[in-house]
Amino acid sequence: MGRQAIDYSVYLVTGREFLPPGKDYYESLEESLQGGVTLVQVREKNADTGEFIEIARKTKEICDRYNVPVLINDRIDVHLAVGTAGIHIGQTDCPLPLARTLIGDDAIIGLSVSNVEQATRAAQHSDILDYIGVGAVWPTGSKDTKGRKSLGPDGTGEILDLIHGSGLEAVAIGGIHLPNLAQLLHGSVAPKSRDALAGIAIISDIVASTTPKEAAANLRLVVDSFKRSRQALKDEAGVFGGLGQKRAEVDAKKLAEKVQELMAVVKRETPLVHQMTNTVVVNDSANVTLAVGASPIMSTHPRDVHDLSPAIGALLINFGTIGDKEGMKVAGRQANVNRKPLIFDPVAIGATSYRREISEELLAHWQPTIIKGNAAEIGAMAKSTEVASRGVDSVGSGFADPGAVVKALARKRAAIIVLTGEKDYISDGSVVIKISNGSHLLERITGSGCQAGSLIGCFAAAARLDYLAKNETKFEDDSQLVQGDMLLAAVAGILVYTVASEVAAARPDVKGPGTFRAALIDELYNLTPDVVAEKAKLEIL
Ligand SMILES: Cc1ncc(COP(=O)(O)OP(=O)(O)O)c(N)n1
Ligand SMILES: Cc1nc(C(=O)O)sc1CCOP(=O)(O)O
């Protein structure tokens with residue numbers, strides 16, 4: 001007969017103890033199936049054998065009507081009694097070879113995996129195993145996972161690399177909810193093999209909902225769309241659709257024209273750009289934001305940033321002086337929930353292990369849309385040793401192939417990557433754009449990189465608003481945390497900043513860094529789209 005093909009996309013693990021008061025288990029189950037659950041595991045920790053068999057039997061009866069397979073948690077006897085599609089077992093349950101002997105060749109076996117050793121062993125047993133449940137991704141209230149480190153999207157991706165080529169599928173489990181789902185799916189794409197999760201296993205987000213149909217449908221939408229966006233990446237359309245065009249069709253002149261249009265959108269829409277930035281640059285960041293026509297707001301308290309989120313156009317998180325970690329966590333998570341562009345500037349991340357840890361912690365909490373950094377910062381994010389760091393500056397001549405670095409990191413992080421320096425490189429994982437504008441005086445003022453990050457925030461907010469004004473939200477776009485051309489936004493932020501710096505540096509009244517700093521703000525204010533197009537030195541690599 002052979003084993004049944006399984007769609008792991010939205011895998012419901014039951015948990016009667018988490019049902020809302022008054023909600024019947026079978027009613028909730030049926031609603032979740034109507035919402036699009038693709039696989040069900042009956043997990044009963046307190047039922048005796050007879051009761052477990054009865055629940056599994058009725059569950060299967062309902063699931064059969066929706067053509068959705070049922071697996072049984074731990075109990076081979078219950079699986080055999082009811083004739084379900086298979087079992088899910090943990091590391092301390094029945095040994096795998098024995099389980100396979102008992103249930104036969106046609107049934108599915110899933111195994112829990114919570115670290116790299118277990119993943120390696122699972123891969124060695126791929127002949128008798130079908131899939132692994134990888135967790136816990138995040139802390140969960142549905143199971144005692146004390147003493148186990150949450151894997152986060154990165155740890156999940158590492159496990160995907162370990163099972164690469166084994167034929168095993170992988171689902172993630174633990175603490176997965178709608179707001180962190182897109183972050184998990186994109187952030188867990190395996191760094192080496194580019195393999196992705198086959199699906200997500202969920203208890204509370206569905207079971208504890210009073211509207212399980214809606215809860216399941218929302219999760220399914222994001223998973224389905226993620227799978228479609230993976231296809232788009234394979235087709236070289238980039239993590240955000242690559243300027244909405246295929247690589248060969250993007251030309252530098254058209255790109256400059258789009259930047260011109262976006263400059264007008266910023267002025268017309270005056271988007272509010274929330275900036276959690278460092279104390280060294282806060283004033284200049286606010287001033288450059290105002291100069292291009294956007295509106296800055298600088299807020300750090302966790303409650304305040306939470307409440308601000310629906311109103312903002314974009315969020316910049318620049319952790320230069322790392323004072324507000326809790327606020328940054330809340331603000332970033334809310335930006336993901338509200339689908340606002342999130343620009344992450346991991347200032348001096350390569351300089352200390354503390355900074356690297358904070359960055360990991362923040363990135364486990366939310367998904368950035370655009371990551372901007374100098375060579376040392378991007379090198380640290382890419383775990384490259386090619387470029388060292390000294391404080392907030394890079395040391396050395398940079399990467400041998402900067403375009404390849406930004407492209408690979410964009411794919412790994414599922415974000416637009418902006419590498420600043422004498423030449424700037426920007427990639428969405430498909431296209432790489434090189435910008436050769438700028439003035440050497442930018443290196444002589446403090447916070448020029450931070451100001452560039454602020455401007456990227458302004459243009460990202462504008463790109464989103466422009467998209468929403470011109471398009472109805474399409475189903476296919478729901479895999480993207482934010483809508484709008486974020487690659488264009490990053491290009492616009494860097495191009496406008498560097499062209500204005502050239503104009504400012506050429507002024508006769510600019511005698512050095514002090515006068516340059518003031519002139520730069522003036523020239524950002526006065527910059528016209530025509531000057532940007534005329535001076536733009538853009539190349540598509
Ligand atoms: C899909 C999936 N993954 C992991 C688990 C956890 O199983 P286990 O380790 O056996 O722990 P219990 O569920 O028995 O508490 C799972 N059930 N499903
Ligand atoms: C059953 C289970 N197993 C886990 C593991 O890490 O192995 S986490 C978990 C609970 C998942 O529930 P929720 O979706 O509510 O977080």
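# Exercises on a predicted model

Ala136 sits in the loop between β6 and α6. The model is a predicted one, so keep that in mind as you work through these.

## Exercise 1: The peptide bond at the end of β6

Work out which residue is joined to Ala136 by a cis peptide bond, and which ligand has that partner among its closest residues.

Solution.
- Step 1. Go to the loop between β6 and α6, where Ala136 lies.
- Step 2. Check omega there: the bond between Gly135 and Ala136 is cis, with omega about 0°.
- Step 3. Now look for Gly135 in the ligand shells. Gly135 is one of the closest residues to ligand 2, along with Thr140, Ser142, Gly174 and Ser204.
- Step 4. Finish with the shell as a whole: 18 residues surround ligand 2, and by class they are six nonpolar, ten polar and two charged.

## Exercise 2: The surroundings of β6

Describe how strand β6 (residues 131-134) is covered and which strands it pairs with.

Solution.
- Step 1. Take the two faces in turn. Tyr131 and Gly133 are on one side, Ile132 and Val134 are on the other, and all of them are buried.
- Step 2. Find the β5 partner. Strand β5 (residues 108-113) runs parallel to β6, with four bridges between them. Val113 stands opposite Val134.
- Step 3. Find the β7 partner. Strand β7 (residues 169-173) is also parallel to β6, and four bridges join the pair. Here Gly133 has Val171 as its bridge partner.
- Step 4. Trace the connections. β5, helix α5 (residues 116-124) and β6 form a right-handed β-α-β unit. β6, helix α6 (residues 152-162) and β7 form a right-handed unit too.

## Exercise 3: The shell around ligand 1

Find out which strands each supply at least two residues of the shell around ligand 1, and split that shell by residue class.

Solution.
- Step 1. Collect the shell: 17 residues surround ligand 1, and the closest are Gly90, Ser112, Gly133, Ile173 and Ala201.
- Step 2. Map the shell onto strands. β4 (86-89), β5 and β7 each give at least two residues.
- Step 3. Sort by class: five nonpolar, eight polar and four charged.
- Step 4. Link back to Exercise 2. Gly133, one of the closest residues to ligand 1, is a buried residue of β6.

## Exercise 4: From β2 to β4

Follow the chain from β2 to β4 and give the handedness of each crossover.

Solution.
- Step 1. Start with strand β3 (residues 70-73). Val70 and Ile72 on one side and Leu71 and Asn73 on the other are buried, so both faces are covered.
- Step 2. Pair β3 with strand β2 (residues 39-42): they are parallel, with three bridges, and Val40 stands opposite Val70.
- Step 3. Trace the link. From β2 the chain passes through helix α2 (residues 49-65) to β3, a right-handed β-α-β crossover.
- Step 4. Move on to β4, which is parallel to β3 and joined to it by three bridges. Leu71 has Gly86 as its bridge partner in β4.
- Step 5. Trace the second link: the chain goes from β3 through helix α3 (residues 76-82) to β4, again as a right-handed β-α-β crossover.

## Exercise 5: Two positive phi angles and one helix residue

Decide for Asn67, Arg194 and Asn336 whether each is buried, partly exposed or exposed.

Solution.
- Step 1. Recall the cut-offs: 20 or more C-beta neighbours within 10 Å means buried, 12 or fewer means exposed, and anything in between is partly exposed.
- Step 2. Asn67 is in the loop between α2 and β3, and its phi is positive, about 60°, although it is not a glycine. Asn67 is exposed because it has 9 C-beta neighbours inside 10 Å.
- Step 3. Arg194 lies in the loop between α7 (178-187) and β8 (199-202). Its phi is also positive, about 65°. With 16 C-beta neighbours inside 10 Å, Arg194 counts as partly exposed.
- Step 4. Asn336 belongs to helix α13 (residues 325-337). It has 23 C-beta neighbours inside 10 Å, so it is buried. The C-alpha atoms of Asn336 and His365 are 9.8 Å apart, with the two positions 29 residues apart along the chain count.

## Exercise 6: Domains

Compare the assigned domains with the UniProt annotation.

Solution.
- Step 1. The domain assignment gives domain 1 (10-234) and domain 2 (242-495), and their C-alpha centres lie 35 Å apart.
- Step 2. An unreviewed UniProt entry annotates residues 10-205 as "domain: Thiamine phosphate synthase/TenI".
- Step 3. That span is 38% helix and 18% strand, and its end C-alpha atoms lie 11 Å apart.

Conventions. Residues numbered from 1 in each chain as written. Chains lettered and ligands numbered in written order. Predicted model: local features only at pLDDT ≥ 70, side-chain atom pairs only at ≥ 80, totals over all residues. Pairing = 2+ DSSP bridges. Right-handed = clockwise from strand over helix to strand, strands pointing away. Near = placed C-beta within 6 Å. Nonpolar A, V, L, I, M, F, W, Y, C, P; charged D, E, K, R; others polar. UniProt positions renumbered as here; feature names shortened; annotations may be inferred. Domains from an automatic or database assignment.
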